[in-house]
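User: I am new to this structure and would like a close look at one part of it, starting from a single residue. Please then set that part against the rest of the chain in one connected account.

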Amino acid sequence: MVRVRWAGLLWAALMPMGPLVDPARASPPTASSGLPPSPGLLRSLAAFERDLQALDGALSPGAVAPERAFDLADPALRAPDPAALPLSASAVDQVQERVLSLAQALEVAVANNPELAERRAQIAQMRGLKRSVLGRFWPRLGLNLGGAFSQRSDTNLVLQDNAGLYPPTSPFLVEPDGWSRIQTNRGSGWGSLDMDWELISFERGAALAEQDQRLSAALRQYGDALRELQLKVSEAYYGLQLAEQLLRIREAVVRNDSLVRDQVAALKGAGLVPRLDLLRAEAALQQSRFRQEQAEAMRLSRRQALTNLLNVAFGTLLLAETQVELQPAWPLPLDATVLAGLRDNPSLEQLAAERNALMRQADRRQAQLLPSLNLFAAGGGGTDVITKPVIDLEGCCSATNIPQLSGQSADWVAGLRLHWRLFDAGVSSGAAQASRAAAEAVLQRLARQRNQIRQELETAFYDYRASLSQLAAAEASYRASREAFRDARARYQLGLADYTDVSETITLLTRSMEGIAESTTLANLSYARMLRQLQPVPDQPQQDLTLPITLPAALVQQLQPQP
């Protein structure tokens, strides 16, 4: 229970007193408590006042933390190699601690975030694919070079001579039972240059339009990833700040509840308080320890969440600033916020570009049925060297053999080639129909995303207003409780009140301080959720980038509704 946490601060000085105040030195009993005011308790209340001022300074809504030295080149803030893995326990021992502001944490996240690096690689991929389609508008040239060597051996046997077909003196006359054996070696070399040019292609134009839309979708996805990164880092950072503040409060509660339990046990032993008070003090202490363990676990997990999100070196642990800064008032009404969030929104533009890419894909597949006209040309030449190292003739084939022969050739060709797919059994039309169905599915995703963005903006806007109201109530409660604490301490010092009055007052202070911390965090988170849908982001990943933590004033002027 919250009620018991600050009560421990009330009793911080009772334990050094010993179990009982010395009766010889004690003041006369007061009418209200029957016990004298404890000097140790008064010192504890003074220490509590100092702790209260420290917490008040950290949680003041108007407080601004001083600037810290920061350098992205710090090895502790550099991202490890994407393929690197820690190889030993010492490699993951987080011995380096760095305290960052929210703006600095965003700067580190932009430099190190793996998802942004993945989006940049996808953009480079889409640009490469678009360049490949643009290349189809130019002729393609090819060079062909080659060479070969072959060997052939022929043996001929005259089964029937050709006497009577030729005159007796003809060189083509063969003798009965004549034969020949000839070995031929042939070496060849050739080269050619060819060209192919798509003069008319409906499929090529649709392919270029499709790839252009895919590149646009990749760019919009990068912009949306930047906005999402801003929100994730803000949530992790504000959550860590809240965990740090709660842990500070609950550690003090445990320390002082331990002293309270020990002092109540001493009073119980002296017969000044009933057993019920001791049981209540023990229950309060155990509850405080439980809540402290919760706060410690929350702080450790949120430190690791911020460190992992920023992807820093394995041996680095990131801490948030102690000073909690409330973001300025949201400058736009709800209607202007919703309109601005839906206008030029990268996530909606990404889905629109994906849908357009699918529609162009359907056109490209359908265009495969349309005719295409290509210009082609080729020219080249070659040479052959033929030798016959073995020529054995016995009454056969003497006039048809040359011992060595060299020949050259050259040719060229040019023409037009028309291709028209007249029938493909529905292959192209079916693929085009599938692309159009996929485009319709993306259109429905766009509608769902539009409605989700509006709902997120409206929810964040109402949560933001409620958080500010809660913060105002918590501050008012804190001011009243602090004045009540001063009065209760003065009354106790004068003997007009007992420790229970001071304890109840401190309980109210505890609740109000927690309320200030929690409502400040909720207000900042709601601000970051609205900023996520309105934050300006660059169109190109190579542009210099600094993610703002508040809505830029120039953008506010553009988004203000006109009278």
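Analyst:
**From one aromatic pair to the helices around the chain**

Phenylalanine 461 counts as buried, because its relative accessibility of 10% falls under the 20% limit. This and everything that follows is read from a predicted model. The neighbour in sequence, tyrosine 462, is in contrast partly exposed, with a relative accessible area of 43%. A search for aromatic pairs across the whole structure finds 4. In the pair made by phenylalanine 461 and tyrosine 462, the ring centres are 6.2 Å apart and the planes meet at 80 degrees, so the arrangement is edge-to-face. Aromatic side chains also come together as a cluster, formed by Trp330, Tyr464 and Tyr527. A ring can be accompanied by a charge as well: arginine 204 lies over the face of phenylalanine 137, 4.2 Å from the centre of that ring.

To place these details, it helps to have the whole chain in view. The chain has 563 residues, of which 40% count as buried, and it is built with 12 helices and 6 strands. Among contacts between residues at least 6 apart in sequence, 87% join residues that are at least 24 apart. The chain exposes about 29,900 Å², and carbon and sulfur atoms supply 56% of that area.

Two helices show how burial can be followed residue by residue. In helix H4, which spans residues 102-112, 8 of the 11 residues are buried, so the helix is mostly covered. Those buried residues are Leu102, Gln104, Ala105, Leu106, Val108, Ala109, Val110 and Asn112. In helix H8, residues 334-342, the buried residues are Leu334, Ala336, Thr337, Val338, Ala340 and Gly341. Just after H8, aspartate 344 adopts a positive phi of about 55 degrees.

Leu106, one of the buried residues of H4, leads on to another helix, for it is among the residues touched by glutamine 230. Glutamine 230 belongs to helix H6, residues 202-269, and is buried, with a relative accessible area of 1%. Leaving aside residues up to four places away in sequence, glutamine 230 also touches Ala528, Leu531, Arg532, Gln535, Leu547 and Pro548.

Arginine 532, one of those contacts, is buried as well, at 8% relative accessible area. In general, side chains of opposite charge can pair when their charged atoms come close. The side chain of arginine 532 meets that of glutamate 228 in a salt bridge, at 2.9 Å from N to O. This pair links distant parts of the chain, since arginine 532 sits in helix H11 (residues 499-534) and glutamate 228 in helix H6, with their positions 304 residues apart in sequence. Glutamate 228, unlike its buried partner, is partly exposed at 25%. The side chains of arginine 529 and glutamate 235 meet in a further salt bridge, at 3.6 Å from N to O. Here too the partners lie in H11 and H6 respectively, so the pair ties together parts that are 294 residues apart in sequence. Both of these residues count as partly exposed, arginine 529 at 35% and glutamate 235 at 30%. Elsewhere, salt bridges that share partners join Arg136, Arg140, Asp196, Glu198, Glu203 and Arg417 into one network. Over the whole structure, the search finds 27 salt bridges. One of them pairs arginine 152 with aspartate 154, whose closest N and O atoms are 3.0 Å apart. In that pair arginine 152 is exposed, at 57% relative accessibility, whereas aspartate 154 is partly exposed, at 26%.

The surface has a nonpolar side too. Trp197, Leu199, Ile200, Phe202, Leu370 and Leu416 make a nonpolar patch of about 540 Å², and strand E3 (residues 179-201) gives the largest share of this patch, 3 residues. Leucine 199 is found in that strand and counts as partly exposed, at 38% relative accessibility.

A last residue, glutamate 354 in helix H9 (residues 346-367), is partly exposed at 23%. Apart from residues up to four places away in sequence, glutamate 354 touches Ala217, Val442 and Arg445. Glutamate 354 also lies 6.3 Å from arginine 214, C-alpha to C-alpha, although 140 residues separate the two in sequence.

Terms used. Residues are numbered from 1 along each chain as its sequence is written. This is a predicted model: local features need pLDDT of at least 70, side-chain atom pairs count only at pLDDT 80 or more; totals for chains, interfaces and linings use all residues. Side-chain values use heavy atoms; hydrogens and water are left out. Helices (H or I, at least four residues) and strands (E, at least two) are DSSP runs, numbered from the N terminus. Buried means under 20% relative accessible area, exposed over 50%, partly exposed in between (1.4 Å probe, protein chains only). Contact means heavy atoms within 4.5 Å. Accessible areas come from the Shrake-Rupley method with a 1.4 Å probe; for residues, only the protein chains shown count as cover. Patches are made of residues with over 30% relative accessible area and no salt bridge: like charges are joined within 9 Å, nonpolar side chains (Val, Leu, Ile, Met, Phe, Trp, Tyr) within 5 Å. A salt bridge is a side-chain nitrogen of Lys or Arg within 4 Å of a carboxyl oxygen of Asp or Glu. Rings of Phe, Tyr and Trp (its six-membered ring) pair if their centres lie within 6.5 Å; planes under 30 degrees apart count as stacked, over 60 as edge-to-face and the rest as tilted. A charge sits over a ring if NZ of Lys or CZ of Arg is within 6 Å of the ring centre and within 35 degrees of the ring normal.
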